[in-house]
Amino acid sequence: MAGPDFFDEMRDAKGVVRPAYGGVAAWLDKIPVKEMDRKRREAELLFRRLGITFAVYNEGGDTERLIPFDIVPRVLSAEEWAYLERGLIQRVSALNAFLHDVYHDQEIIKAGKIPERLVLNNSQFRKEMVGIDLPRQLYNQIAGVDVVRTGENEFFVLEDNMRVPSGVSYMLEDREVMMRLFPDLFARNRVAPVSHYPETLLTTLRSVAPEAVRDDPTVVLLTPGFFNSAYFEHAFLAEQMGIELVEGQDLVVRDGLVYMRTAGGLRRVDVIYRRIDDDFLDPQVFRPDSALGVPGIFEVYAQGRVSLCNAVGTGIADDKAVYMYVPEMVRFYLGEEPILNNVPTYWMSNEDDLKYVLEHLPELVVKEVHGSGGYGMLVGPQSSKAEVAAYRERVLKDPGAFIAQPTLALSTCPTFVAKGVAPRHVDLRPFVLSGEQVQVVPGGLTRVAMAEGSLVVNSSQGGGTKDTWVLRG
Amino acid sequence: MLSRAADNLYWMARYIERAENMARMLDVSYRMSLMPSSDEPRTQWEPPLIIAGCDDGFAKTDLPLESHNVINYLALDAGNPSSIRRCIQAARENARAMRSEITTEMWESINSTWLEMREMEYSHLVGMGYSDFFDWVKERSHLFRGVTTGTMLREEAFHFVRLGTALERADATARLLDVKYHMLLPSPRDVGGLVDHYQWAALLRSVSALRAYRNTYRDSIKPAKVADLLILNPAMPRSIAASFEEITDTLFTLRDSYARDYSSTRMAFAMHSRLRFTRIEEIFAFGLHEFLTEQIDGNLKLGIAIARDFMGAADQLADQTQMQASA
């Protein structure tokens, strides 16, 4: 239940509307519920027509469905954004420095700032990458950092998502649909645009092409194919960037280079924005049963004759246990104090942590170290005794595979639900692009837990999305 | 453009055209079966099955060789990969795989055709009458072609659609003419008789060419002239010669834009030249059936060459400067 314990982004404790929400509050006051409902349905129709669906696993029947879209925007002031932006750029820069370091000299391990076993014995650490030099020493070009807010000036990073983060198409389409439905609203509020994201992404991808071809590289987007849950996003981004959307079968390695099969013959490919996991990239190096990848591509990559974005092996930076050391990375590589908070995290591989967690399970959120998408997690305060007991058994079987965090009091935003406008919990995923510069398009994907009191915002668990406004100063 | 995209577009077009031609062939067979003739249903319905390459498949169903069984099998059977239903489904699957390469109107046309087709059952066919169903298939195919011509950029994608349509049509017309040949075999005594006349007329009607015949030849229906119209006359849009004009035209365009020498271009040009410089008397002297068999065989080889040249089977290096210029 959202109550006084949660930070309400629109109103302060006295019920006074915060300045950033002035425009939205005035609009909510005026618009009749019936009109909102009509607009909501219109939005749904637009999404359906655009074909923006999301495949959901582990459910019988119709696996293609729309993610609920909430028409009440989520607002961040210019100052709040400036602070977030600084923090995000700092964080991703440190993570990129960490990646370069762990695959080269491993100074941070030698300095004793992070346990060796946590890095080197981690399945996300790709030994194949050791000693390989990447353009600009950049490993991560696209990060989708999950941020939650708990107070006026309190933002926490929940996850860094350095591998193949998705959701940016919702940032773009939510805005597109909002502008179609409520043009007046945008005329009256100074909302920073986001539609240049694909262009910025393309510039970023081109900037890490192998140096010999950097003046005019051929960039493609590699998708696992039609049946992937994010296929729509892959097709959307490829179209927006004007690049080919390829599958593994469209690429071939020949004489030390990667080519795509075009109607006019084989054409060299220089940068691959790959939306498939490391494991599936190259059956000769990783999973031999992968039919999604390109045999031999890793060797070309290791020779620096094709760029993969994100790099192979970025998973070591967003591992849920390595996460605990990100503030240390900021200090170690940048010599700065971290701007954004880390959530206190207990790693059950440490005996003290395990003991504490087992004693406090009903208060904590427990996650699998390698899990994602909100699958297989325990939200202590919202689980039954039986669920907690069952989860305890799982943890005891392999403690090192779990981390625990205190349940965060996620902020709430006004959201249009069956009984009218009511507060619902939200998080934020801004997208950080690292190339010649590190940039964050002002906005992101706001996910909202549509059920009253729920803290789980994942779209795979019934969460919805909102347009995210960053106001211009 | 990816070779996989070219492949999808080419086959999308072929399957639509194939569905239409299957409807045309069933239409002519059905009309012929209504002619007063001494023939058993067997001799009337075997030819279309043979021509469509479905005789073995049909035999496996253990159904008697009667018109309603054959029509159901060739039009609706979901287990028969050559049925009209499956052709439309395959066309739609190819379109769906490359939605970004076709226009919204094309997608909507092909998708709604499939959605209607999916609901179609044999009782509907009987209810609406076979001929109305065949007309519906033809109309949907006309619509798709019209939408394609009316909305698609004249770029690579369009050329591959056009290529698929033309090659499939050249092949279908050859096969359709061959139905008549198979049909005649069992009862040579009918040659030149009344039945023969009606059979040729039915054939012309099935390719929407009865009036074209009269306008062109101003003569009663004569086999040599029907064959001339459907094989050699470049003005007749479904003739093999007209289809090959489209094929060579498209292949020349592709050759120029990719600046490459292709074996498919040379093969098509040789086949087209033969059609341009052969007279119908020579074809009859050679044997119509033999000529058509060669033609069908040549079409198959040309299809393989096209797949090798453009659809990635050969993996030849592109001329990079050309590619960028045409991209």
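Here are a few questions and answers about this predicted model.

Q: How many helices and strands does chain B come to?
A: Let's begin with the secondary structure of chain B. Strands come to zero there, and the helices come to 17.

Q: What radius of gyration does chain B have, and why does it count as compact as a globular protein of that length?
A: Chain B has 327 residues, and the globule rule gives 20 Å for that length. The chain's own value is close to this, so chain B is as compact as a globular protein of that length. Its radius of gyration is 20 Å.

Q: Which helix of chain B gives the most to the largest nonpolar core?
A: That core has 219 residues, and B:Leu9, B:Ala19 and B:Ala91 have the most contacts inside it. The top contributor gives 17 residues and spans residues 3–33 of chain B. That's helix H1.

Q: Which residues does B:Ala91 touch, not counting those up to four places away in sequence?
A: B:Ala91 is among the residues with the most contacts inside the largest nonpolar core. Leaving out residues up to four places away in sequence, its partners are B:Met12, B:Tyr15, B:Ile16, B:Ala19 and B:Ile110.

Q: Which strands stand at the edges of the open four-stranded sheet in chain A?
A: The sheet has the order E15-E18-E16-E17, with antiparallel pairing. A strand at the edge has a single partner strand, so one side of it is left without a neighbour in the sheet. The edge strands are E15 (346–347) and E17 (378–379).

Q: What is the bridge partner of A:Val366 in E17(A)?
A: Strands E16 (residues 364–368) and E17 of chain A run antiparallel and are joined by two bridges. In E17(A), the partner of A:Val366 is A:Leu378.

Methods
Residues numbered from 1 in each chain as written. Chains lettered and ligands numbered in written order. Predicted model: local features only at pLDDT ≥ 70, side-chain atom pairs only at ≥ 80, totals over all residues. Rg over C-alpha atoms; globule rule 2.2 N^0.38 Å. Core = buried A, V, L, I, M, F, W, Y, C linked by C-beta atoms within 7 Å. Buried ≥ 20, exposed ≤ 12 C-beta atoms within 10 Å, placed from the backbone. Contact = placed C-beta atoms within 7 Å. Pairing = 2+ DSSP bridges.
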